[in-house]
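Let's walk through this one together, going from the ligand outward. Have the viewer open and follow along.

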Amino acid sequence: MTETVAALLEKYAVVPAIVLEDVNQAAPLAQALISGGLPVAEVTLRTPDALDALSRMAAFPNLLTGAGTVLNVSQATEAMAAGAKFIVSPGMNVELIQWCLDKNITIIPGVCTPTEVMLAMNLGLRLVKFFPCEASGGLEMLRALRGPFPEMRYLATGGIKLEAISNYLAFHPVLAVGGTWMVKPEWLANDRFDVIEDGCRQTVEVVKDARWQIAAAARVRSQ
Ligand code: 3PG
């Protein structure tokens, strides 16, 4: 993989957040994401099977597999050993962030206040997770943060729905959005990998359309 993780996340624009209860679903889920055109996953360490699931999904060379809900260095160590290509955390653990930076591992820690963005900036980060996004003010809050922190980019996650992603992606500081809308628990519960694949495809179409509109608006502005 020659592109950086951040460049790939920006390219895919959407990061499915995965909560897997059954490790046997890891491989068919990985295949559904790839076939649906969204070859990226944040496997959250929230279930007993999560590390095994991460390891099975990371075995797919065409899937950019990261670990989510990583709370400390010990979990990050396990996630990296399982094959994670990046680490996402819901909040700011300076020890965890420094550990990742020292090892050149992409770390995307969670922020939802100016103080946390400042902390992230001062640690040298330029990409953070804005979480929980909608509950913390969504786009309005991100717009307010752009004033003091014009260079910070965000993986906006938490409560975001498919209908909202175009507006988020049209705002440059949002590098990508994340969420569970394309891998719904009820679909997983019924092994509906076909529906998940369709959900990914639908999301990819919305991203393409949003990009087309962003480019068109930029052309109008430059005329
Ligand atoms: C996350 O940790 O990123 C959240 O689980 C996203 O989930 P949601 O889209 O269901 O809010």
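How do the residues of the shell around the ligand divide into nonpolar, polar and charged? Keep in mind that this is a predicted model. The shell breaks down into one nonpolar residue, five polar ones and two charged ones. To see who they are, look around the ligand: R46, K129 and F131 are there, together with T157, G158, G159, G179 and T180. By class, F131 is the nonpolar member, R46 and K129 are the charged pair, and the threonines and glycines count as polar.

Now zoom in on the contacts. Start at R46, where a side-chain N or O atom sits 2.4 Å from an oxygen atom of the ligand. K129 also reaches in with its side chain, placing an N or O atom 2.9 Å from a ligand oxygen. G159 does things another way, through its backbone: an N or O atom there lies 2.7 Å from an oxygen of the ligand. How much of the ligand's surface does the protein bury? On its own the ligand would expose 320 Å², and the protein buries 81% of that. As for the site itself, the ligand takes up the space of the largest pocket.

Time to zoom out to the whole fold. The chain has ten helices and nine strands. Its radius of gyration is 17 Å, close to the 17 Å that the globule rule gives for 223 residues, so the chain is as compact as a globular protein of that length. Measured off along the principal axes, the C-alpha atoms fill a box of roughly 50 × 40 × 35 Å.

Methods:
Residues are numbered from 1 along each chain as its sequence is written. This is a predicted model: local features need pLDDT of at least 70, side-chain atom pairs count only at pLDDT 80 or more; totals for chains, interfaces and linings use all residues. Side-chain values use heavy atoms; hydrogens and water are left out. A residue is near a molecule or strand if one of its heavy atoms lies within 4 Å of it. A polar contact is a pair of N or O atoms within 3.5 Å; within protein, one must be able to donate a hydrogen and the other to accept it, and residues adjacent in sequence count only if both atoms are side-chain atoms. Accessible areas come from the Shrake-Rupley method with a 1.4 Å probe; for residues, only the protein chains shown count as cover. On a 1 Å grid over the protein atoms alone, a cavity is a set of points where a 1.4 Å probe fits but cannot get out, and a pocket is an open set with protein on both sides within 12 Å along at least five of seven lines; lining residues have an atom within 4 Å of a point. A molecule sits in a cavity or pocket if more than half of its atoms lie within 2 Å of its grid points. Helices (H or I, at least four residues) and strands (E, at least two) are DSSP runs, numbered from the N terminus. The radius of gyration is taken over C-alpha atoms; the globule rule is 2.2 Å times the number of residues to the power 0.38.
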